[in-house]
Amino acid sequence: MKSNLTRKSVCIFLIYALITFLAVAGANAAGIVFRQYLRIANEVIITVGFFAVLLIRNIEIPRERKRERVTAKIITVATVFFVLISIFFQVFMGIDEETVIEKDCEKKIQVERSWIMFLERSYYDYKNILWYESNPHYTESYDDGDPNQYIYTDYYNEDGVFTERVFSDEQGG
């Protein structure tokens, strides 16, 4: 009876993960990027689901099988530690800040990427609250991570191909 719960939870988790993978793969193929809050929510759901499956499995191991219970607990703790370290690195080193802004008299999504001495702002056409298209877009780069030290802008066409680089002195900046 208990193993039936493990099978059901694993099936639900795998179906959700498969649907998510197919949605992301299809969106990437179509040049669509899901908004950041959707990506974060999905990561949280998958992580919590994975932990739930591990915990359900640990609970269902009979008390008589002590060695298997200890091994399962060690694997669970190691997995939780690995996931927490991964989340730490993603949050503090890999999060891009998305903002809906008005630029060039159009509604755009500004994606700001920064890390130590690096700052880059990309602008995409706003489509809706769920996603935006990855191309065409343009990216502004700044020196030393300082938004007051603009260097150049790179332009990309509908196919994502780099088309032009305009330096600050050419734009009058």
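**Notebook: hairpins, turns and an elongated chain**

**Entry 1: two hairpins.** I began with strands β4 and β5, which form a hairpin with four residues between them. The model I am looking at is a predicted one, so I keep that in mind throughout. β4 and β5 (residues 131-142) are antiparallel, and I found seven bridges pairing them. I picked one position to look at in the viewer: Tyr123 stands opposite Tyr138 of β5.

Then I stepped back to β3. Which way do β3 and β4 run relative to each other, parallel or antiparallel? They run antiparallel, and eight bridges join β3 (residues 106-115) to β4 (residues 118-126). This pair is a hairpin too, with two residues between the strands. Ile116 sits in that turn, and its phi is positive, about 50 degrees. I also noted a pair of bridge partners here: Ser114 goes with Leu119 in β4.

**Entry 2: a cis bond in β5.** Back in β5, I looked up Pro136, which belongs to that strand. What kind of peptide bond joins Asn135 and Pro136? It is a cis bond, and I wrote down an omega of about -5 degrees.

**Entry 3: the loop before β3.** Next I followed the chain backwards from β3 into the loop that separates it from β2 (97-103), where I met Asp104. Asp104 is not a glycine, yet its phi is positive, about 55 degrees. Is Asp104 buried or exposed? Its relative accessible area is 53%, so it counts as exposed; the cut-off for that word is over 50%.

Cys105 lies in the loop between β2 and β3 as well. Its phi is near 60 degrees, again a positive value in a residue other than glycine. Cys105 has a relative accessibility of 76%, and therefore I marked it as exposed.

**Entry 4: a cysteine in the helix.** I wanted another cysteine to look at, and chose Cys11, which is placed in helix α1 (residues 2-29). Why did I not write "exposed" beside Cys11? Because its relative accessibility is 45%, Cys11 counts as partly exposed. I then picked out Ile151, which is 140 residues from Cys11 along the chain, and found their C-alpha atoms separated by 51 Å.

**Entry 5: the whole chain.** Now I zoomed out. How many helices and strands does the protein chain have? I noted three helices and seven strands. Reading along the sequence, I wrote the order down as α-β-α-α-β-β-β-β-β-β.

For the overall dimensions, the C-alpha trace spans about 75 × 30 × 25 Å along its principal axes. The radius of gyration of the protein chain is 22 Å, whereas a compact globule of 173 residues would come out near 16 Å. I set that beside the burial figure: 27% of the 173 residues count as buried.

I looked at contacts too. Among those with a separation of 6 or more, 33% are between residues 24 or more positions apart.

**Entry 6: surface and charge.** My last look was at the outside. The protein chain exposes about 11900 Å², and 64% of that area comes from carbon and sulfur atoms. How many positive and negative side chains are there? I recorded 19 positive and 24 negative ones, with the centres of the two sets 23 Å apart.

How values were computed
Residues numbered from 1 in each chain as written. Predicted model: local features only at pLDDT ≥ 70, side-chain atom pairs only at ≥ 80, totals over all residues. Heavy atoms only, no water. Pairing = 2+ DSSP bridges. Rg over C-alpha atoms; globule rule 2.2 N^0.38 Å. Buried < 20%, exposed > 50% of the residue type's maximum accessible area, 1.4 Å probe, protein only. Contact = heavy atoms within 4.5 Å. Areas by Shrake-Rupley, 256 points an atom, 1.4 Å probe, with all protein chains shown as cover. Lys, Arg positive; Asp, Glu negative; His and termini not counted. Charge placed at Lys NZ, Arg CZ, Asp CG, Glu CD.
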